[in-house]
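Hi everyone, thanks for coming along. I'd like to walk you through one model today, so let's put it on the screen.

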Amino acid sequence: MKILGIDTSSQVATVAIMDEDKLIAEYTINYKKNHSENLMPMISEIFRSCDMKVDDIDLIGVCIGPGSFTGLRIGVATAKAIAHVRNIPIAPVNSLEALAFNMNFSKGIICPIIDAQRSDVYTSKYTWESNTLVSIEEMSVKNIDDLIDELNDRYDEIVLLGEGVDIHREKLNKLGNIYIAPNSHKLSKASSVCQIALQKYESGDTLDYKKVEPLYIRKSQAEVQYEEKLKRMNNNE
Amino acid sequence: MKDIITLAIESSCDETCAAILKNGREILSNVVSTQIDLHKKFGGVVPEVASRKHIENIELVIQSALDEAKLSFKDIDVIGVTYGPGLVGALLVGLSSAKALSFALDIPLVGVNHIEGHIAANFIEHKDLEPPFVCLIVSGGHTHLVEVKGYGEYEILGKTRDDAAGEAFDKIARALNLGYPGGPKIDKLSKIGNKKAIDFPRIYLEEDSFDFSFSGLKSAVLNYLNSKKMKNEEIVVEDVAASFQEAVLDVLVDKSIKAARVKGYDKVVLAGGVAANSGLREKLSEKGKEYNIDIKYPPLSLCTDNAAMIGCAAYYDYLNGKVSDLYLNAVPNLKLGQK
Ligand SMILES: [Zn+2]
């Protein structure tokens with residue numbers, strides 16, 4: 001059972017190949033967001049360097065979001081096309097969960113944050129309970145200041161990670177109860193994506209390539225504006 | 001020689017398309033999933049909404065193209081894909097899919113310029129058409145007068161300096177409350193309206209220029225509508241539509257015929273979404289007859305965005321050894337003749 005893992009939901013582009021027993025290869029680039037140019041050559045290179053072909057892959061794990069809309073679509077479109085050719089299932093992985101997974105067996109609360117622009121972040125909270133990662137809060141879009149206020153009021157130990165940490169580091173440094181994940185674990189790793197995908201496969205939680213779609217959480221700006229306009233028109237009636 | 005089967009993908013605007021062609025000019029399937037209804041309420045194409053729909057549809061459309069052609073992936077020899085010009089988010093969906101297919105199937109990838117695709121639509125329809133000729137490409141995004149010297153060999157003679165012709169149609173349709181997309185509606189009204197009712201300006205620019213400009217005409221129509229409203233006078237919508245369309249067509253047709261005569265060609269080929277305009281087809285054909293110039297245009301189904309035209313252009317690029325690598329990126333403002 002060989003798994004190809006892909007994540008392009010943030011500035012990081014990361015791909016990995018794993019089987020049940022071991023990580024075979026992982027390739028991560030955290031340098032300017034140019035996933036469209038980089039992703040396919042990265043995938044091609046990772047196969048070449050471990051003498052594997054696409055035909056050897058049985059499952060694709062891909063981060064479906066939340067994250068950068070365009071980034072998500074590049075990863076998801078790539079995963080869907082490969083799964084289509086190979087006729088294999090896809091395990092859709094939540095990008096916040098994939099980040100939280102980097103902090104295996106940590107104590108306290110794990111709070112991944114992904115940039116959502118305009119000082120907003122996509123975030124959620126996780127804990128490890130008897131060797132399993134558990135989501136303890138519904139994922140959402142939050143203003144970074146609101147999130148900081150909320151974290152400030154908690155007494156637990158909190159581990160923060162994700163690209164949002166670097167973007168909002170100045171503000172976060174004022175918090176006393178947080179611990180920022182080390183560089184080795186702070187950003188997305190496709191090996192985590194593969195591991196979650198494997199778990200999903202074992203619990204029958206995979207999808208046909210036709211059904212996989214990005215998880216945006218947010219509506220498009222045009223839809224939001226359109227709905228506001230309808231609301232105004234209804235109020236004026 | 002073995003047949004070459006091309007699978008082509010097009011997602012530059014609001015249509016998710018996939019097509020399969022045999023030897024570049026024979027359509028085995030041509031699937032278009034349009035999003036027009038989705039964008040109607042916004043009065044135009046919304047890039048993010050379009051991109052979301054593309055990713056939902058892309059593999060379904062590709063599978064339909066295979067099913068209709070009664071082929072499977074293993075029969076495909078080349079992947080063609082639009083990489084520009086267009087909406088970047090929309091382009092990236094088709095491009096990411098095409099690159100992954102090319103890699104997974106281990107077959108060549110050819111990035112195609114969307115405008116070249118529009119020209120190529122004519123090769124599919126007219127089996128004996130060969131370059132060189134003059135081509136007028138008119139759509140919502142482009143107005144180009146091009147000398148097609150060979151397959152994949154172009155020289156731009158002129159282009160719009162402001163609005164594209166199709167854009168002018170959409171704007172005037174909006175001002176007349178005709179809704180979106182406006183081009184077909186204006187064309188329809190023009191058939192019943194009086195095209196001589198209002199004398200809108202024909203903007204020819206410099207004597208020897210093959211460039212176009214439609215913003216002056218657009219302002220003239222908007223001014224006309226405003227002054228009528230101010231004076232509380234009735235606006236005869238079909239007359240405005242017909243007079244506006246006539247002013248656009250006069251310039252398009254005159255410049256196309258002149259380009260063919262100056263360059264010494266006996267063929268003018270029409271391409272792009274506005275090539276579906278019946279007034280343009282008629283007027284150009286009439287004028288062509290006058291000067292012994294053969295006028296060709298694609299059927300309606302190949303005028304609007306589709307992947308068959310991309311597949312045809314990809315086929316000739318492939319024959320000419322112009323293949324892309326996996327680094328290929330979307331180029332939203334890709335120019336004609338640029339690689
Ligand atoms: Zn077009």
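**The zinc site and the helix contacts**

Let's begin with the metal: along the sequence, the residues that donate to the zinc ion follow the spacing H-x3-H-x186-D. Before I go on, please keep in mind that what you see is a predicted model.

Which atoms do the donating? On the protein side they are B:His114 through NE2, B:His118 through NE2 and B:Asp305 through OD, and they lie 2.1 to 2.2 Å from the zinc ion. Distant parts of the chain are linked here: B:His118 sits in helix α4 of chain B, residues 114–125, while B:Asp305 is in the loop between α10 (300–303) and α11 (308–319) of chain B, 187 residues apart. Are these two buried or exposed? Both B:His118 and B:Asp305 are buried.

Now let's move to where helices of the two chains meet. Start with helix α1 of chain A, residues 35–49, and helix α3 of chain B, residues 88–105: their axes come within 10 Å and cross at roughly 15°. An angle under 35 degrees counts as roughly parallel, so α1(A) and α3(B) are roughly parallel to each other. The crossing of α1(A) past α3(B) is right-handed. Who makes the contact? From α1(A) we have A:Ser36, A:Glu37, A:Met40, A:Ile43, A:Ser44 and A:Phe47, and from α3(B) come B:Leu92, B:Leu95, B:Lys99, B:Ala100 and B:Phe103. By character, the residues of this contact of α1(A) with α3(B) split into 7 nonpolar, 2 polar and 2 charged.

There is another pair to look at. Helix α2 of chain A (residues 69–86) and helix α2 of chain B (residues 47–69) have axes that come within 10 Å and cross at roughly 5°. With that angle, α2(A) and α2(B) are therefore roughly parallel to each other. On the α2(A) side, the contact residues include A:Phe69, A:Arg73, A:Lys80 and A:His84; on the α2(B) side, among them are B:Glu48, B:Arg52, B:Ile55 and B:Glu59. The residues in the contact of α2(A) with α2(B) divide into 6 nonpolar, 3 polar and 6 charged.

Next, some backbone geometry for those of you who like torsions. Most residues other than glycine have a negative phi, and most peptide bonds are trans. Where do we find cis peptide bonds? One runs from B:Gly84 to B:Pro85, with omega near -10°, and B:Pro85 lies in the loop between β4 (78–84) and α3 of chain B. Another runs from B:Pro131 to B:Pro132, with omega near 5°; B:Pro132 is placed in the loop between α4 and β6 (133–138) of chain B.

On the phi side, have a look at A:Asp51, which is not a glycine and yet has a positive phi of about 50°. A:Asp51 belongs to the loop between α1 and β4 (59–65) of chain A, and its relative accessibility of 73% makes it exposed. A:Ile217, also not a glycine, has a positive phi of about 65°. You'll find A:Ile217 in the loop between α8 (190–202) and α9 (221–236) of chain A, partly exposed with a relative accessible area of 36%.

Last stop: B:Glu26, in strand β3 of chain B, residues 26–34. At 39% relative accessibility, B:Glu26 is partly exposed. Leaving out residues up to four places away in sequence, B:Glu26 touches B:Ile20, B:Leu21 and B:Lys127.

Terms used. Residues are numbered from 1 along each chain as its sequence is written. Chains are lettered from A and ligands numbered from 1 in the order in which they are written. This is a predicted model: local features need pLDDT of at least 70, side-chain atom pairs count only at pLDDT 80 or more; totals for chains, interfaces and linings use all residues. Side-chain values use heavy atoms; hydrogens and water are left out. Axes are lines fitted to C-alpha atoms, for helices over the stretch in contact, and angles run from 0 to 180 degrees between N-to-C directions. Helices (H or I, at least four residues) and strands (E, at least two) are DSSP runs, numbered from the N terminus. Angles under 35 degrees count as roughly parallel, over 145 as roughly antiparallel, 65 to 115 as roughly perpendicular and the rest as oblique. A crossing is left-handed if the near helix is turned anticlockwise from the far one by less than a right angle, and right-handed if clockwise. Contact means heavy atoms within 4.5 Å. Ala, Val, Leu, Ile, Met, Phe, Trp, Tyr, Cys and Pro count as nonpolar, Asp, Glu, Lys and Arg as charged, and the others, Gly among them, as polar. Donors are N, O and S atoms within 2.8 Å of the metal (3.2 Å for Na, K and Ca); water is not among the atoms, so sites may look incomplete. Buried means under 20% relative accessible area, exposed over 50%, partly exposed in between (1.4 Å probe, protein chains only).
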